[in-house]
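Work through the exercises below with the sequence and the coordinates at hand. Each task is followed by a solution in steps.

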Amino acid sequence: MEYLKKTFRWFGPSFGVTLDDIKQIGVEGIVAACQEVPLGEVWPVATIAALKKEIESHGLEWSVVESVNIHTSIKYGHPDRDGYIANYIQTLKNLAENDIHTVCYNFMQLIDWTRTDLDYMLPTGGSALRYSPIAAAAFDLFILKRENAKETYEESIYLEAENYFENLSAAERKKLEQSILAGMPGSRKLIALEQFKKNHETVLQISKEKLQENLSYFLNAIIPEAEKIGVKMAIHPDDPPFSVFGVPRIVSNYDDLKFLLNCCPSPSNGLTFCSGSLGASEENDLVKIISDFGNRVHFIHLRNVARSPDGSFYEAEHLNGSVPIDQVMKAIVLEQKRRHEKGSEEVMIPMRPDHGHVLLDDKKRQADFYSGYSLIGRAMGLAQMSGLERGIRESLI
């Protein structure tokens, strides 16, 4: 039997990749969300049912929700958070009513992920997403102009960021700004710089410990209800897994994952294992994370990154990069083998390829899809990961 359910993220009818496109590459399940429902509001049963019907009309299933986003009042611990938590619980109940039981979410601050270049040219002629700490520092210091930011950087980093910024043209500075403010998957709308600054000032006042406390409060409110209705919550790691612009990270490493799983012990409180997000830090032992927390992994994102000594990284080809993807896959297969031997119902973990390169005909319609979500690049990643999984699985028989 196969251990990984092949899924693909889809952002709806306005997305430049259609369900018909996706069906042709051998995908079984779709990862989607009710994008049009405003943040914090309940997802109506009818809206969920309509999206599910559209997906199923193409011979596919809606396997995972990504994401039911969390309102900032919950993240920041505002007095009105209980109302938004109640809405979140009702959304989970409405999803379960439509037989959708796996929900990916994140607790990231400001934006969902941070990259400084959304079209980094590769030697192959394709392009990828890239993060540069020097470019990020330049944005922080000279565009965002965070108060006292200079004191948080080593002098050598500050001077390098200053030199980098001074040598950018006006167009290049704008491109850097837009790359960072575009970090919301599923939307082509940039976050306004002034709104970003306002949100940034707010979150800087909240310590890592307080953010962890707010996450624990949220989980202890929703997980008992999720368990009753059979919904598995799968938190996505921070991306990248280290502080950016002075903002604390709370889902970035082994200890963070241990905290969130222990703060609300339940099979419904689980993880989205993202090899690329966690793999952007050389300090993360991905095989150990799977080995120790594998029974709480409900969803998998597979991608690779090529790290450099200066802390920069780019999204590499799925099979080649700094992440030992063969070892990671073997750990995943061993976890699923354990589940199978124990008679677990959750053996086929949904997996999707993530952040594919822009290749071939993808370039002709690059403006139609969201950064990181090309068709051909992700299809190649899916084929590579499926072949790797099968080879490892058969070697263990």
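Does C264 count as buried or exposed? C264 counts as buried, at 6% relative accessibility. Buried stands for under 20% relative accessible area and exposed for over 50%, with partly exposed in between (1.4 Å probe, protein chains only).

The model is a predicted one: local features need pLDDT of at least 70, side-chain atom pairs count only at pLDDT 80 or more, and totals for chains, interfaces and linings use all residues. Residues are numbered from 1 along each chain as its sequence is written, and side-chain values use heavy atoms, with hydrogens and water left out.

**Exercise 1. Count the disulfides and examine C264 and C274.**

Step 1. Apply the criterion: a disulfide is a pair of cysteine sulfur atoms within 2.5 Å.
Step 2. For C264, the closest cysteine sulfur belongs to C263 and lies 6.0 Å away, too far for a bond.
Step 3. For C274, the closest cysteine sulfur is that of C104, at 8.8 Å, again too far for a bond. C274 is buried, with a relative accessible area of 0%.
Step 4. The count by this rule is zero disulfides.

**Exercise 2. Describe the nonpolar cores.**

Step 1. Set the term: a nonpolar core is a set of buried Ala, Val, Leu, Ile, Met, Phe, Trp, Tyr and Cys residues joined through side-chain atoms within 4.5 Å.
Step 2. The largest such core has 113 residues, and those with the most contacts inside it are W62, Y88, L95, F139, F218 and M233.
Step 3. Helix 5 (residues 133-144) gives the most to this core, with nine residues. Helices (H or I, at least four residues) and strands (E, at least two) are DSSP runs, numbered from the N terminus.
Step 4. Apart from this largest core lies another, of five residues, including V31, V64, C104 and F299.

**Exercise 3. Assign the two sides of helix 8 (residues 193-203).**

Step 1. List the buried residues: L193, F196, K197, H200 and V203.
Step 2. These residues lie on the same side of helix 8 because they cover an arc of only 130° around the axis, taken from the directions from the helix axis to the C-beta atoms.
Step 3. On the other side of helix 8, E194, K198 and E201 are exposed.
Step 4. The cover over the buried residues includes helix 3 (72-76), helix 5 and helix 7 (170-181), counted by contact (heavy atoms within 4.5 Å).
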